[in-house]
Amino acid sequence: SLHRDEDALAGQFRCLDPELPISTASLSLVYSLFMLESSPEPEALIQEIAGSLQPEGVALLISLNPWSPVRWRWLLRNGRVLSSSSVQRIARDAGLEVIRHQNLGPCRPGGGGSFAARRRIRWLDGFRTASLLVLRRREAGLTPLRKLSPAVSLRPGMSAG
């Protein structure tokens, strides 16, 4: 578990975004909650996440929606909000496949109402507070070859010629 401490990551260990001390292909699940906004190098962070995932591993990235009114509050704190399309492009460049993209949260600060009532207003989905990207590291596995049986099976005492 890591958190942002100025321009570095801190927690169980302290490191910079492009230098995560995690073994290559060692994690099956990575989740990131609003780390891309505070990262000085979000491209390098996504590269590190992709490198730490096992084949068929999943990454869940939750970030602020750049179209949400909530983003203005974050921008006043010098945060950088990436669009979901640019995050998807960076993830594809890192070798990750986009499985799902979904907007989360209320459409406006303090927005309430029941879940069913919010789901009816679909055109407001683009203004929701956060964006979820589900990414998977696809890697073609080796195809096992069958051991071929000999064309002619010889019994003891028989010869081929």
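## Exercises on a predicted model

The side chains of E56 and R138 form a salt bridge with an N to O distance of 3.0 Å, where a salt bridge is a side-chain nitrogen of Lys or Arg within 4 Å of a carboxyl oxygen of Asp or Glu. The model is predicted, so that local features need pLDDT of at least 70 and side-chain atom pairs count only at pLDDT 80 or more, while totals for chains, interfaces and linings use all residues. Residues are numbered from 1 along each chain as its sequence is written, and side-chain values use heavy atoms, with hydrogens and water left out.

### Exercise 1: salt bridges

Work out which parts of the chain the salt bridge between E56 and R138 ties together, and which residues belong to the network.

Step 1. Place the two partners: E56 lies in strand β4 (residues 53-64) and R138 in the segment after β6 (130-137), so the pair ties together parts that are 82 residues apart in sequence. Helices (H or I, at least four residues) and strands (E, at least two) are DSSP runs, numbered from the N terminus.

Step 2. Look for a further partner of R138: its side chain also meets that of E97 in a salt bridge, at 2.6 Å from N to O. Since E97 belongs to strand β5 (residues 96-104) and R138 to the segment after β6, this pair ties together parts 41 residues apart in sequence.

Step 3. Join the bridges that share partners, which gives one network of E56, E97, R136 and R138.

Step 4. Check the accessibility, for which buried means under 20% relative accessible area, exposed over 50%, and partly exposed in between (1.4 Å probe, protein chains only). E56 is partly exposed at 38%, R138 is partly exposed at 41%, and E97 is partly exposed at 33%.

Step 5. Turn to another pair: R14 forms a salt bridge with D5, with the closest N and O atoms 3.0 Å apart. R14 counts as exposed at 54% relative accessibility, whereas D5 is partly exposed at 32%. The whole structure holds six salt bridges.

### Exercise 2: helix α3

Find the buried residues of helix α3 and name the elements against which they pack.

Step 1. Read along α3 (residues 84-93), where S86, V87, Q88, I90 and A91 are buried.

Step 2. Recall that an α-helix has 3.6 residues a turn, so residues three or four places apart point the same way.

Step 3. Follow the contacts (heavy atoms within 4.5 Å): the buried residues of α3 pack against α1, β4, β5 and β6.

Step 4. Inspect the backbone just after α3, where G95 takes a positive phi of about 95°.

### Exercise 3: the whole chain

Describe the order of the elements and the share of buried residues in the protein chain.

Step 1. Count the elements, which come to four helices and six strands, and arrange them along the sequence as β-β-β-α-β-α-α-β-α-β.

Step 2. Take the buried share, which is 34% of the 161 residues in the protein chain.

Step 3. Consider the contacts with a separation of 6 or more, of which 71% are accounted for by residues 24 or more positions apart.
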